[in-house]
Amino acid sequence: NSSDLSPSFILASIPGPEAAHFWMAIFLCSMYIVAVTGNCAVLFIVKTEPSLHTPMYFFLCMLAAIDLALSTSTVPRVLSFYWFNTREISFSACLVQMFLIHTLSAIESTVLLAMAVDRYVAICHPLRHAAILTSAVTAKIGLVAMARGVLFFLPLPLLLLPLPFCSSRVLSHSFCLHQDVMNLACANTTPSMVYGLTAILLVMGLDAVLICLSYILILKAVLRLASWKERLKAFSTCIAHICVVLAFYVPLIGLSVVHRFGKDLAPLVHIIMGNVYILVPAVLNPIIYGVRTKEIQRRILNLIHIYND
């Protein structure tokens with residue numbers, strides 16, 4: 001029946017025998033545990049270390065919370081169908097999951113832009129940094145990021161809600177994404193497609209442009225410093241943020257390219273790109289900042305020492 005009011009969808013799984021599904025689930029579960037452990041550690045360390053109560057680490061905590069929410073909204077459901085073969089997901093649950101994925105991604109993009117502005121102010125206007133980025137301003141930026149994500153991406157599931165869906169209900173990914181669900185509709189999806197593309201360009205696209213602009217200004221300021229040693233020291237404070245930006249935007253761009261130009265690609269490519277998009281930033285972000293930040297390293301070593309004692 002192509003006109004069910006409450007259709008259900010079939011989540012995609014990797015092709016192959018059940019043994020392959022089991023080991024894929026083990027791999028995803030391991031990455032999820034690393035992501036949860038790393039991001040919870042970041043939240044705990046920043047909360048308990050007064051010297052880290054600065055805008056940069058508050059933004060890092062926002063990233064950690066977003067990554068926890070994003071991975072938790074998808075990975076447990078993926079593991080359940082790999083281990084228990086529960087591949088079917090209801091229409092309402094799919095729309096909720098879609099809303100969470102796109103909204104949390106938009107919030108993360110906004111926080112990454114705020115972190116780029118923080119680096120710009122810290123390097124280009126160091127004497128005014130404390131006055132410009134106060135704790136109150138940082139909290140307001142977090143609220144604006146949440147409101148921006150919700151307002152831009154709440155219409156996506158609402159635009160899909162009245163559409164009829166065809167007999168084919170098999171998705172391309174292990175979770176629900178807007179374009180993936182939209183492609184299964186048996187109706188004109190132009191308004192939904194146009195709005196989805198517009199929202200992504202106005203949020204992720206605009207944020208990427210502004211982040212690049214921030215780093216152009218940072219680079220100009222760094223190059224005006226007297227010695228190469230000072231230049232390297234100043235720019236090294238941005239390395240962790242640049243790596244985190246790449247960890248977010250590269251999978252996002254890759255997933256968008258696969259959606260729009262990879263219709264003839266093997267299903268495994270779509271599934272892998274989707275899992276990379278969900279899990280890689282959540283796994284890498286705490287590792288990157290743990291490696292690049294001496295304060296976090298020292299706190300982790302202290303915790304390990306206390307635990308061993």
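Reader: What share of the chain over residues 38-289 is helix, what share is strand, and how many Å apart are the end C-alpha atoms?

Author: In this predicted model, residues 38-289 are 78% helix and 1% strand, and the C-alpha atoms at the two ends of that span are 10 Å apart. The span itself comes from UniProt, where an unreviewed entry places the feature "domain: G-protein coupled receptors family 1 profile" at residues 38-289.

Reader: Which residues does the annotation "transmembrane region" cover?

Author: The unreviewed UniProt entry gives several stretches, among them residues 57-83 and 268-291. In the model, residues 57-83 are 93% helix and 0% strand, with end C-alpha atoms 37 Å apart, while residues 268-291 are 100% helix and 0% strand, with end C-alpha atoms 32 Å apart.

Reader: What makes the link between C94 and C176 a disulfide?

Author: The two sulfur atoms are 2.0 Å apart, and the cut-off for a disulfide is a pair of cysteine sulfur atoms within 2.5 Å, so the pair C94 and C176 qualifies. The structure holds 1 disulfide. C94 lies in helix 4 (residues 91-124) and C176 in the loop between helix 7 (155-160) and helix 8 (178-182), so this pair ties together parts that are 82 residues apart in sequence. Both C94 and C176 are buried.

Reader: Why is the disulfide of C94 and C176 called left-handed?

Author: The disulfide is called left-handed because the torsion about the S-S bond of C94 and C176 is about -120°.

Reader: Why is there no bond from C61 to C40, the closest cysteine by its sulfur?

Author: The sulfur of C61 is 11 Å from that of C40, which is too far for a bond, because a disulfide needs sulfur atoms within 2.5 Å. The sulfur of C212 is likewise too far for a bond, with the closest cysteine sulfur, in C238, at 13 Å.

Reader: Are C61 and C212 buried or exposed, and what values decide it?

Author: C61 has a relative accessible area of 15%, and buried means under 20%, so C61 is buried. C212 has 48%, and because partly exposed covers the range between 20% and 50%, C212 is partly exposed. C243, in helix 11 (residues 239-261), is partly exposed at 33%.

Reader: Why does S73 count as buried?

Author: S73 has a relative accessibility of 18%, which is under the 20% cut-off, so S73 counts as buried. S73 lies in the loop between helix 2 (55-72) and helix 3 (75-84), and, leaving aside neighbours within four places in sequence, S73 is in contact with Q97, L100 and I101.

Reader: What makes D207 and R148 a salt bridge?

Author: Their side chains meet at 2.9 Å, N to O, and the rule asks for a nitrogen of Lys or Arg within 4 Å of a carboxyl oxygen of Asp or Glu, so the pair D207 and R148 satisfies the rule. D207 lies in helix 9 (residues 190-223) and R148 in helix 6 (residues 135-153), so the pair ties together parts that are 59 residues apart in sequence. D207 is buried, at 0% relative accessible area, and R148 is buried at 16%.

Reader: How many salt bridges does the rule give?

Author: The count comes to 2 salt bridges, one of them between D118 and R119, whose side chains meet at 3.0 Å, N to O. D118 counts as buried at 1% relative accessibility, and R119 is buried at 10%.

Definitions and conventions
Residues are numbered from 1 along each chain as its sequence is written. This is a predicted model: local features need pLDDT of at least 70, side-chain atom pairs count only at pLDDT 80 or more; totals for chains, interfaces and linings use all residues. Side-chain values use heavy atoms; hydrogens and water are left out. Helices (H or I, at least four residues) and strands (E, at least two) are DSSP runs, numbered from the N terminus. Buried means under 20% relative accessible area, exposed over 50%, partly exposed in between (1.4 Å probe, protein chains only). UniProt positions are given in the numbering used here, feature names are shortened, and annotations may be inferred rather than shown by experiment. Contact means heavy atoms within 4.5 Å.
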